[in-house]
Amino acid sequence: MRLRGELYSEEELYLDGEFEGTLEVRHRLTIGPNGKIKANVKAKELVVEGWIQGNVEAAERIVIMNGASILGDVKTSGIVIEDGAFFKGGIDILRPEPVSSTLAKAAVV
């Protein structure tokens, strides 16, 4: 599979082919071992078994598996880089947004 353009998904997505462009997924995005992505990527959670060239943003976490590669800057709340993974770029760790005091009080009552 080879795709080019803009891809937006409200559901979980598994890509195991080539993609170039812009990629946004509202849930988990998994790049399979044959995945070659040249794109800026935005997802709730990202699992990489293949190769990404581009900036990556994940609201919850990014997992770079053994044998996988990311070349680009990463922005996330949590990151796992397994032994044997390759990463070249900057990392910006985001703080989770705190629950507002009004909601916290309502939950206690």
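In the predicted model, Ser9 is classed as buried, at 14% relative accessibility. This residue belongs to strand S1. A polar atom of the Ser9 side chain is placed 2.9 Å from the backbone oxygen of Glu11. When neighbours within four places in sequence are set aside, the contacts of Ser9 are with Glu24, Val25 and Arg26.

Salt bridges in the model number 5. One of them joins the side chains of Arg4 and Glu20, with an N to O distance of 3.6 Å. This pair connects distant parts of the chain, since Arg4 is located in strand S1 (residues 2-9) and Glu20 in strand S3 (residues 18-31), at a separation of 16 residues. Arg4 has a relative accessible area of 71% and is therefore exposed, the cut-off for that class being over 50%. Glu20, in turn, is partly exposed, with a relative accessible area of 36%.

A salt bridge is also formed between Glu45 and Arg28, whose closest N and O atoms are 3.5 Å apart. Here again distant parts of the chain are linked: Glu45 lies in strand S4 (residues 36-48) and Arg28 in strand S3, with their positions 17 residues apart in the numbering. Glu45 has a relative accessible area of 12%, and because buried means under 20%, this residue is assigned to the buried class. Its partner Arg28 is partly exposed, at a relative accessible area of 33%.

The side chains of Lys44 and Glu60 are likewise paired in a salt bridge, at 3.6 Å from N to O. Lys44 is part of strand S4 and Glu60 is part of strand S6 (residues 56-64), so this salt bridge ties together parts of the chain that are 16 residues apart in sequence. Both partners fall between the limits for buried and exposed residues and hence count as partly exposed: Lys44 has a relative accessibility of 34%, and Glu60 has a relative accessibility of 41%. Beyond individual pairs, Arg28, Glu45 and Arg61 are joined into one network by salt bridges that share partners.

Technical notes: Residues numbered from 1 in each chain as written. Predicted model: local features only at pLDDT ≥ 70, side-chain atom pairs only at ≥ 80, totals over all residues. Heavy atoms only, no water. Salt bridge = Lys/Arg side-chain N within 4 Å of Asp/Glu carboxyl O. Helix = DSSP H or I, 4+ residues; strand = E, 2+ residues; numbered from the N terminus. Buried < 20%, exposed > 50% of the residue type's maximum accessible area, 1.4 Å probe, protein only. Polar contact = N/O pair within 3.5 Å; in protein donor to acceptor, adjacent residues only side chain to side chain. Contact = heavy atoms within 4.5 Å.
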